[in-house]
Amino acid sequence: MFATLAKLAYQTLQKGKGAFSLAHKDMSLRLLKTMAPDTLAKTLPLAPGTIKALHGAMDALLERDWQDGEDGIYPTELLFSGPWKDWAVRYPLLWLDHPATWDRLRRRDFRDLPKTINRQHYPDYYLQNFHNQTDGYLSDHSAALYDLQVEILFNGAADPMRRRLLRPLKHTLPRLGTGRNPSRPLRILDLATGTGRTMHQLWAAFPRSQLVGCDLSEAYLRQAGRWLAERPGGELPQLVQANVEAVPFVDSWFDAITCVFLLHELPRPARANCMKEAFRLLKPGGVLAVLDSIQPKDSPQFKVLSENFRRVYHEPFYGDYMADTIENHLDQAGFELVLSETHFLSRLWLARRPP
Ligand SMILES: C[S@@+](CC[C@H](N)C(=O)[O-])C[C@H]1O[C@@H](n2cnc3c(N)ncnc32)[C@H](O)[C@@H]1O
């Protein structure tokens with residue numbers, strides 16, 4: 001009885017997030033058509049059946065998300081967690097941000113970043129307004145809005161997708177051939193942690209692990225620290241400002257590495273470097289879980305959707321990502337592929353550094 005009611009509560013919450021996101025996107029589009037029609041991107045029409053397929057994929061994702069909670073992969077409370085108060089308070093800022101975004105689109109300026117940053121601290125490919133984000137990843141304003149924007153983009157399914165890496169990690173980690181003394185906590189690194197949503201999920205599933213998050217954005221790490229500090233008990237994860245191509249840890253330090261929604265924002269050589277760096281940082285026998293956007297070869301039914309995403313949002317490397325073969329990068333870095341699977345609009349790869 002309790003489980004049934006809790007499941008209904010979860011489904012209602014997700015349906016609410018989905019309906020809210022769709023309403024937000026619809027109103028934003030209407031406003032754009034009225035206020036800045038010249039900035040409207042040309043999108044392709046969706047094939048009949050795409051929306052039905054999306055609903056089906058979303059339902060399957062949510063069913064799995066609930067099931068993994070029930071199976072004890074993570075506590076079911078995680079399914080209801082989120083910085084709700086912050087999101088509610090910050091929501092109006094999304095609307096207030098529109099004029100600045102239209103202005104940049106009109107100027108076709110995708111490198112409009114805060115004047116105060118030291119550009120030499122970042123690789124050139126990073127210095128952009130990814131997904132038309134005001135200030136790119138380089139301000140507290142951007143960090144404050146990012147999660148809300150991602151939740152809306154994915155109709156409330158961002159965290160359910162991130163959580164898909166937890167089951168395979170949970171099943172694989174106890175069987176690692178890393179020679180770890182069981183009394184030593186697992187060491188897990190989240191590459192490009194952003195505001196720490198994946199670390200939040202990892203913490204719930206592996207409460208006794210030592211977590212490290214790395215990202216190039218000081219502002220995003222600051223936001224991650226604020227939210228992670230709100231969790232009761234446990235160690236506050238270590239947050240490190242670093243490029244995923246050169247993370248300041250010794251070789252073979254981590255048992256597991258995660259990397260969520262990063263690869264599509266890297267140029268191909270950096271993508272390859274990131275996989276090689278993950279290999280260097282993992283203990284022999286350690287595992288890497290990569291979760292990123294779907295690609296047309298695995299999800300041909302959503303090819304037009306992906307193409308429209310690329311056209312509407314500034315995603316300079318997404319076109320190349322769609323054509324790239326992540327398995328090749330993993331292979332060239334030295335990994336053995338353990339599994340790859342699709343969840344709604346995300347693809348998950350689990351790979352192991354051979355023992
Ligand atoms: C789309 S966000 C994903 C963030 C987070 N993993 C999530 O699931 O929301 C991409 C993140 O990658 C970071 N990033 C991009 N290129 C990077 C690089 N070369 N090194 C470290 N972080 C990078 C950005 O600062 C941003 O926080």
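This report covers the domains, the sheet and two helix pairs of a predicted model.

## Domains

The domain assignment splits the protein chain into domain 1, residues 2-153, and domain 2, residues 163-352. Their C-alpha centres are 19 Å apart. Across the boundary, 37 residues of domain 1 are in contact with 35 residues of domain 2.

On the domain 1 side of this contact, H2 and helix H4 (140-153) each supply at least two residues. H2 gives the most to that side, with seven residues. By class, the domain 1 residues that touch domain 2 comprise 24 nonpolar, eight polar and five charged.

## Helices H1 and H2

Helix H1 spans residues 2-35 and helix H2 spans residues 50-70; the two pack with their axes 11 Å apart, at an angle of about 140 degrees. That angle makes H1 oblique to H2, because angles over 145 degrees would be needed to count as roughly antiparallel. The crossing of H1 and H2 is right-handed.

From H1, the residues that meet H2 are Ala 3, Lys 7, Tyr 10, Gln 11 and Gln 14. Their counterparts in H2 are Leu 62, Trp 66 and Glu 70. The contact of H1 with H2 has four nonpolar, two polar and two charged residues. H2 thus appears in two settings: it meets H1, and it also supplies residues to the side of domain 1 that touches domain 2.

## The seven-stranded sheet

Seven strands form an open sheet with mixed pairing, in the order S3-S2-S1-S4-S5-S7-S6. Strands S3 (238-241) and S6 (336-343) stand at the edges. Each of these edge strands has a single partner strand, so one side of each is left without a neighbour in the sheet. On average, and with direction ignored, neighbouring strands of the sheet are turned by 15 degrees against each other.

Within the sheet, strand S4 (residues 254-260) and strand S5 (residues 282-293) run parallel and are joined by six bridges. Ile 257 has Leu 288 in S5 as its bridge partner. Helix H8 (residues 218-229) packs on the sheet, where H8 touches strand S2 (210-215) and S3. The direction of H8 makes about 175 degrees with that of S3. S3 is therefore both an edge strand of the sheet and one of the strands touched by H8.

## Helices H9 and H12

Helix H9 (residues 268-281) and helix H12 (residues 326-333) cross at roughly 45 degrees, and their axes come within 9 Å. H9 is therefore oblique to H12, because an angle has to be under 35 degrees to count as roughly parallel. The crossing of H9 and H12 is right-handed.

H9 contributes Arg 271, Ala 272, Met 275, Lys 276 and Phe 279 to the contact. H12 contributes His 329, Leu 330, Gln 332 and Ala 333. The residues of the contact of H9 with H12 divide into five nonpolar, two polar and two charged.

Note on methods
Residues numbered from 1 in each chain as written. Predicted model: local features only at pLDDT ≥ 70, side-chain atom pairs only at ≥ 80, totals over all residues. Axes fitted to C-alpha atoms, helices over the stretch in contact; angles between N-to-C directions. Helix = DSSP H or I, 4+ residues; strand = E, 2+ residues; numbered from the N terminus. Parallel < 35°, antiparallel > 145°, perpendicular 65-115°, else oblique. Left-handed = near helix turned anticlockwise from the far one by under 90°. Contact = placed C-beta atoms within 7 Å. Nonpolar A, V, L, I, M, F, W, Y, C, P; charged D, E, K, R; others polar. Pairing = 2+ DSSP bridges. Domains from an automatic or database assignment.
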